[in-house]
Amino acid sequence: MLDYKKLGFKCGLEVHYQLSTRKLFCHCPNFIHDSNPINYTIKRKLLAFEGELGKKDIAAQFEESKNKTFIYEGTKHSSCLVEFDDSPPFPINKDALKTAIQVALLLNMKIVPEVIIMRKIVIDGSNVSGYQRTTLIGRNGYIKTSKGKIEIPTLYLEEDAAKKIKETKDTTNYNLARLGIPLLEIATSPDLQDPQHVKETASLIGMIAKSTGQTNRGIGSARQDVNISIKNHPRIELKGFQDLRSIPKVIDYEIKRQQKSRDNEPHVRKVEANFTTSYLRPLPGAARLYPETDLKSIELTKKFLDSIKIPELLTDRAINFEKKYNISPIHAREILKQNIPFDYYAEKFKVDPKLIANLLIDSPKEIQARFKPIKQLQKEDFELVLGNLQSKTIPKEAAFEILKDLSLNIKPSLSKYQMTNLSEVESFIKDLVNKNKGVSISGLMGDIMKKYRGVVPGDLAMKILKKYISK
């Protein structure tokens, strides 16, 4: 096992989270769908130019030397002239701004008095204009982790980049649907102590961002970059983490690579699917920022800041769910993770909340694992089952079978699951016991449930069975 302290391990995070509001500087919706028809195609090449310090960025010059052509594909459903760089940007999206401030406050940050929009040079072609609009929202925050307090120097609100869909030696194709979606960039200090600590910190920051209820879900909506170095080696930025579970493996690989390497210049590396890394480009410098000339700065007045409510953390909400409904911590966390309207179901149907949680969370997972569902279970499917459980039309053992049928697009016959006359059940069990002397209780129970599964509750069948076995 690696001795990270002895290695002089230094590591910091940049965590990125998409917000679910409309785009940041236009009125286009936050909508990504690969099946939308392509209505527009434009081509551009990268030209490195001077930043605020009057110098050209070294990484931009490196990419310009490749002379690549960037091809942008857009659809009218999610792109407009702002994304094509043919129109000035609209004023910043106030809903996204409020969410960014909420996250900054949850991270114990000081909010800037004035929002100043900057342009940040983008050198991989993922922005049509060659730059990304970004603005500082919070500074000098912190979070508490299992290994101490970690400083959060900055939180930026910025435009997300276009999605790369194809690449050759001479061209790169991008889809513009993602370009302009509001994106939080949260940076930590380089004080993370080991790969597991990096993973924990990324998870914690993610939980805080999701607590606003305004983050996108799905692959690509959250991304992490890891800055790492060891003694006598330059800082390396690792880009492309999407699964937190891969962080420790990739970091350990990178440390071993650096131990063997003679790298003497900081640079950026891409995280590969097999947990290795590959060279991308030189590390960008400070020359990549300059002011946005098309937008005025925004004063964050006391009245505006006082109107922003700090949301309850997901961890606290999970504890409250657990206590309110007496459900398991795992179910409480899953309710929030999947954004399940549990309050609605629990208040509408007089059914044990533990059973409701099981049907909403565990049953769909089991159906997915054991069968090949044709459709995803919908609100009305769960309401059908819960309504019949409430009226005691069906036993709880039938609930799973009905949900399974619904997921397989089979219309369930509720009469099939209605409670059978108990005298008939008792007569069957009595006769079964008399004809099978010496058979184990589990064997007899198997025969009973084969006949009455989903019709007679298992605990009731066992109670009757024990009654006749003991005679």
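Student: What is the volume of the largest cavity?

Tutor: The largest cavity has a volume of about 100 Å³. Keep in mind that this is a predicted model.

Student: What makes this space a cavity and not a pocket?

Tutor: The test is escape. In a cavity, a 1.4 Å probe fits but cannot get out, whereas a pocket is an open set. A search of the whole structure finds one cavity of 30 Å³ or more.

Student: Which residues line the largest cavity?

Tutor: The lining consists of V82, E83, D85, N127, V128, S129, Y131, R133, E159, L179 and G180. By class, that lining has four nonpolar, three polar and four charged residues.

Student: D85 is in that lining. Why is D85 called buried, exposed or partly exposed?

Tutor: The relative accessibility of D85 is 32%. Buried means under 20% and exposed means over 50%, with partly exposed in between. D85 therefore counts as partly exposed.

Student: What stands out in the backbone of D85?

Tutor: Its phi is near 65°, a positive value in a residue other than glycine. Most residues other than glycine have a negative phi. D85 sits in the loop between β3 (69–74) and α2.

Student: What is the phi of N326, and where does N326 lie?

Tutor: Phi of N326 is near 55°, again positive in a non-glycine residue. N326 lies in the loop between α6 and α7.

Student: Why is N326 called buried or exposed?

Tutor: N326 has a relative accessible area of 52%. The cut-off for exposed is over 50%. So N326 is exposed.

Student: Now the cysteines. How do you know whether C26 and C28 are bonded or not?

Tutor: A disulfide is a covalent bond between the sulfur atoms of two cysteines. The cut-off is 2.5 Å between the sulfurs. The closest cysteine sulfur to that of C26 belongs to C28, 3.7 Å away, which is too far for a bond.

Student: Which cysteine sulfur is nearest to that of C28?

Tutor: That of C80, at 3.6 Å, and C28 is in no disulfide. By this rule, the count comes to zero disulfides.

Student: Why are C26 and C28 called buried or exposed?

Tutor: Buried means under 20%. C26 has a relative accessible area of 1%, so C26 is buried. C28, at 8% relative accessibility, also counts as buried.

Student: What makes A104 buried or exposed?

Tutor: A104 has 0% relative accessibility, and the limit for buried is under 20%, so A104 counts as buried. A104 is found in helix α2 (residues 94–106). Leaving out residues up to four places away in sequence, A104 touches M109, I111, I137, G138 and L155. L184 is 80 residues from A104 along the chain, with 9.9 Å between their C-alpha atoms.

Student: And S203: why is S203 called buried, exposed or partly exposed?

Tutor: S203 has 39% relative accessibility. Partly exposed covers the range between the buried limit of 20% and the exposed limit of 50%. S203 therefore counts as partly exposed. S203 lies in helix α3. S203 and L244 are 41 residues apart in sequence, yet 7.4 Å apart in space, C-alpha to C-alpha.

Student: What volume does the second largest pocket have, and which residues are closest to its centre?

Tutor: Its volume is about 1300 Å³. Of the 40 lining residues, K210, R217, L314, L336 and K337 are the closest to the centre.

Student: Which elements supply that lining?

Tutor: At least two residues each come from α3 (195–210), β12 (222–229), α6 (314–325), α7 (329–337) and α8 (342–348). α6 gives the most, with eight residues. By class, the lining of the second largest pocket has 15 nonpolar, 14 polar and eleven charged residues.

Student: Step back to the whole protein. How many helices and strands does it have?

Tutor: The count is 15 helices and 17 strands.

Student: How do you know whether the protein is spread out or a compact globule?

Tutor: Compare two values. The radius of gyration of the protein is 29 Å, and the globule rule gives 23 Å for 471 residues. The value is well over the rule, so the protein is more spread out than a compact globule. The C-alpha atoms fill a box of roughly 95 × 50 × 50 Å along the principal axes.

Student: What share of the protein counts as buried?

Tutor: Of the 471 residues, 48% count as buried. Among contacts between residues at least 6 apart in sequence, 71% join residues at least 24 apart.

Conventions
Residues numbered from 1 in each chain as written. Predicted model: local features only at pLDDT ≥ 70, side-chain atom pairs only at ≥ 80, totals over all residues. Heavy atoms only, no water. Buried < 20%, exposed > 50% of the residue type's maximum accessible area, 1.4 Å probe, protein only. 1 Å grid on protein atoms, 1.4 Å probe; cavity = no way out; pocket = protein on both sides within 12 Å on 5 of 7 lines; lining within 4 Å. Points joined across faces, edges and corners; volume = space filled by probe spheres on them. Nonpolar A, V, L, I, M, F, W, Y, C, P; charged D, E, K, R; others polar. Helix = DSSP H or I, 4+ residues; strand = E, 2+ residues; numbered from the N terminus. Rg over C-alpha atoms; globule rule 2.2 N^0.38 Å. Contact = heavy atoms within 4.5 Å.
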